[in-house]
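Here is a walk through one protein fold, taken step by step. Please keep the sequence and the structure in view.

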Amino acid sequence: MRVVLDGRRVSSEADLHRELARLLDFGPFYSANLDALWDRLSTDVERPVHLLWTESGTSRAAMGPQSFERVERILQETVEQDAAWKLKERFTYELA
């Protein structure tokens, strides 16, 4: 599955959680915080999935570099976990 996150719609961490919950169907019990994002991405999101974050520079400027980098770290850790587990179908992401 290919998911496109429009960075123009993400100006805060709350926006990011709202958009990812919608795009990846996190359901009504998603807590909308970084721990919950890790939980969903690392175990609940059906693979394969490629997240394309368009206009990521716009999001980075609006969210601030610290917040953006915390989110990107979770995305990268998810990629690394799938590789370590040698999953055939994996989570990947791309910043554009």
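Which strands does α1 lie across, and at about what angle does α1 run to β1? Helix α1 lies across β1 and β2. Its direction makes an angle of about 155 degrees with β1. The model is a predicted one.

Now look at the sheet itself. Three strands form an open sheet in the order β1-β2-β3, and the pairing is parallel. The edges are taken by β1 and β3, each with a single partner strand, so one side of each has no neighbour in the sheet. From one strand to the next, the twist averages 20 degrees. In general, the strands of a sheet pair through backbone hydrogen bonds, in either a parallel or an antiparallel way.

Take the pairing of β1 with β2 in detail. These two strands are parallel and share five bridges. Valine 4 has leucine 52 of β2 as its bridge partner. Leucine 5 stands opposite tryptophan 53, also in β2.

The side chains of β1, residues 2–6, alternate. Val3 and Leu5 point to one face and are buried. Arg2, Val4 and Asp6 point to the other face and are not buried.

Next comes α4. This helix lies across β2 and β3, running at about 145 degrees to β3. It covers residues 65–84, which makes 20 residues. From first C-alpha to last, α4 reaches 28 Å, close to the 28 Å expected at 1.5 Å a residue.

Which residues of α4 are buried? They are Ser67, Phe68, Val71, Ile74, Leu75, Thr78, Gln81 and Asp82. Viewed down the axis of α4, these buried residues fall within an arc of 155 degrees, so they line one face of the helix. On the other side of α4, Gln66 and Ala84 are exposed.

What do the buried residues of α4 pack against? Their partners include two strands, β2 (49–54) and β3 (91–95). They also pack against the helices α1 (13–23), α2 (34–44) and α3 (56–63).

One residue of α2 gives a view of this packing from the other end. Leucine 34 is placed in helix α2. With a relative accessible area of 19%, it is buried, because the cut-off for that class is under 20%. Leaving aside neighbours within four places in sequence, leucine 34 is in contact with Glu13, His17, Arg70, Val71 and Ile74. Of these, Val71 and Ile74 are among the buried residues of α4. Glutamate 89 is 55 residues from leucine 34 along the chain, and their C-alpha atoms are separated by 23 Å.

Turn to the aromatic rings. How many aromatic pairs does a search of the whole structure find? It finds two. In one, the rings of phenylalanine 26 and tyrosine 30 have centres 4.7 Å apart and planes at 55 degrees, so the pair is tilted. Both phenylalanine 26 and tyrosine 30 are buried.

The other pair joins tryptophan 53 and phenylalanine 68. Their ring centres are 4.9 Å apart and their planes stand at 45 degrees, so this pair too is tilted. It links distant parts of the chain: tryptophan 53 belongs to strand β2 and phenylalanine 68 to helix α4, 15 residues apart. Tryptophan 53 is buried, at 1% relative accessible area. Phenylalanine 68 is buried as well, at 2%.

Finally, follow the backbone through the loops. Proline 48 lies in the loop between α2 and β2. The peptide bond that leads to proline 48 from arginine 47 is cis, with omega near -5 degrees.

In the loop between β2 and α3 sits glutamate 55. Its phi is near 50 degrees, a positive value in a residue other than glycine. Is glutamate 55 buried, exposed or partly exposed? At 37% relative accessibility, glutamate 55 counts as partly exposed.

Lysine 86 comes just after α4, in the loop between α4 and β3. Here phi is near 55 degrees, again a positive value in a residue other than glycine. Lysine 86 is exposed, with a relative accessible area of 68%.

Terms used
Residues are numbered from 1 along each chain as its sequence is written. This is a predicted model: local features need pLDDT of at least 70, side-chain atom pairs count only at pLDDT 80 or more; totals for chains, interfaces and linings use all residues. Side-chain values use heavy atoms; hydrogens and water are left out. Helices (H or I, at least four residues) and strands (E, at least two) are DSSP runs, numbered from the N terminus. The expected span of a helix is 1.5 Å times one less than its number of residues. Buried means under 20% relative accessible area, exposed over 50%, partly exposed in between (1.4 Å probe, protein chains only). The arc is that of the directions from the helix axis to the C-beta atoms. Contact means heavy atoms within 4.5 Å. Two strands pair if DSSP finds at least two bridges between them. Axes are lines fitted to C-alpha atoms, for helices over the stretch in contact, and angles run from 0 to 180 degrees between N-to-C directions. Rings of Phe, Tyr and Trp (its six-membered ring) pair if their centres lie within 6.5 Å; planes under 30 degrees apart count as stacked, over 60 as edge-to-face and the rest as tilted.
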